[in-house]
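Here is a walk through one protein model, written for someone who would rather be at the bench. Have the sequence and the 3D view open as you read.

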Amino acid sequence: PVDMKVSVDEAAIINSIRNIFTTTPGERILEPTFGLNLAQWLFQPLDEFTAQEIGETIVRGIRQYEPRVEVKNLNIDVIEEQNQYTIQLTMSIPMLNIDSKTYDAILSSPGFDFITNTPVY
């Protein structure tokens, strides 16, 4: 079925983005510059300036390491009382005919994770 293939391909792309977000540059021997090291900001003040730096890093990293997607919009909110950032990433995936889809994620001291309704097969 075509729908399952799209779901599997979309899940693979989301997994790729998750790997970009959670890998620290230098961690992969054959790709020493791969990754974003988002965890570096968890020890910085939780504020709008840091949120903007995180957003710029995410957009730059996706453009560099995941050419299958195009970032349409990125919104990062500071949630001080929970010591975390919520990330809302809207992107298109042209090869899957996905024009615009939004994915939610959290960056907090335990790490980074997508909160998604996308089935992973």
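## Starting on strand β3

Ile106 is found in strand β3. Helices and strands here are DSSP runs (H or I over at least four residues for a helix, E over at least two for a strand), numbered from the N terminus. With a relative accessible area of 23%, Ile106 is partly exposed; the scale runs from buried (under 20% relative accessible area) through partly exposed to exposed (over 50%), using a 1.4 Å probe and protein chains only. Across from Ile106, Gln88 sits 18 residues away along the chain, and the two C-alpha atoms are 8.8 Å apart.

## What you are looking at

This is a predicted model, in which local features need pLDDT of at least 70, side-chain atom pairs count only at pLDDT 80 or more, and totals for chains, interfaces and linings use all residues. Residues are numbered from 1 along each chain as its sequence is written, and side-chain values use heavy atoms, with hydrogens and water left out.

How confident is the predictor? The protein chain averages a pLDDT of 85, and 87% of the residues score at least 70; pLDDT is the predictor's confidence in each residue, from 0 to 100. Among the elements, β1 comes out with the highest mean, 95, and β4 with the lowest, 70. Where pLDDT is low, the predicted coordinates should not be read in detail.

## The overall layout

The protein chain has 2 helices and 4 strands, and along the sequence they follow the pattern α-α-β-β-β-β. Of its 121 residues, 43% count as buried. The chain exposes about 7200 Å², with carbon and sulfur atoms supplying 50% of that; the areas come from the Shrake-Rupley method with a 1.4 Å probe, and for residues only the protein chains shown count as cover.

Now for contacts, meaning heavy atoms within 4.5 Å. Among contacts in the protein chain with a separation of 6 or more, 41% are between residues 24 or more positions apart.

## The nonpolar core

Which residues touch the most other members of the largest nonpolar core? They are Phe21, Leu38 and Ile58, in a core of 34 residues. A nonpolar core, for this purpose, is a set of buried Ala, Val, Leu, Ile, Met, Phe, Trp, Tyr and Cys residues joined through side-chain atoms within 4.5 Å. Two or more residues come from each of α1 (2-22), α2 (48-65), β1 (70-79), β2 (84-93), β3 (98-108) and β4 (111-115). The top contributor is α2, with 6 residues.

Click on Ile58 to see some of this: leaving out residues up to four places away in sequence, Ile58 touches Phe21, Leu36, Leu38, Leu74, Ile76 and Ile87.

## An aromatic pair, with an arginine on top

A search of the whole structure turns up 1 aromatic pair. Phe34 and Tyr65 meet edge-to-face, 4.9 Å centre to centre with 65 degrees between the planes. Rings of Phe, Tyr and Trp (its six-membered ring) pair if their centres lie within 6.5 Å; planes under 30 degrees apart are stacked, over 60 edge-to-face, and the rest tilted. Phe34 lies in the loop between α1 and α2 and Tyr65 in helix α2, so the pair ties together parts 31 residues apart in sequence.

Both rings belong to buried residues: Phe34 at 7% relative accessibility and Tyr65 at 19%. Phe34 also has the charged end of Arg28 over its ring, 4.1 Å from the centre. The cut-offs for that are NZ of Lys or CZ of Arg within 6 Å of the ring centre and within 35 degrees of the ring normal.

## Loops and a buried serine

Most residues other than glycine have a negative phi. Asn83, in the loop between β1 and β2, has a positive phi near 55 degrees and is partly exposed at 40%. Asn97, in the loop between β2 and β3, also has phi near 55 degrees, and it is exposed at 73%.

Ser109 belongs to the loop between β3 and β4 and is exposed, with a relative accessible area of 60%. Setting aside neighbours within four places in sequence, Ser109 contacts Leu42 and Asn83. From Ser109 to Asn83 is 26 residues in sequence and 7.6 Å in space, C-alpha to C-alpha.

Ser16, in helix α1, is buried at 19%. Beyond its neighbours within four places in sequence, Ser16 is in contact with Glu66 and Arg68.
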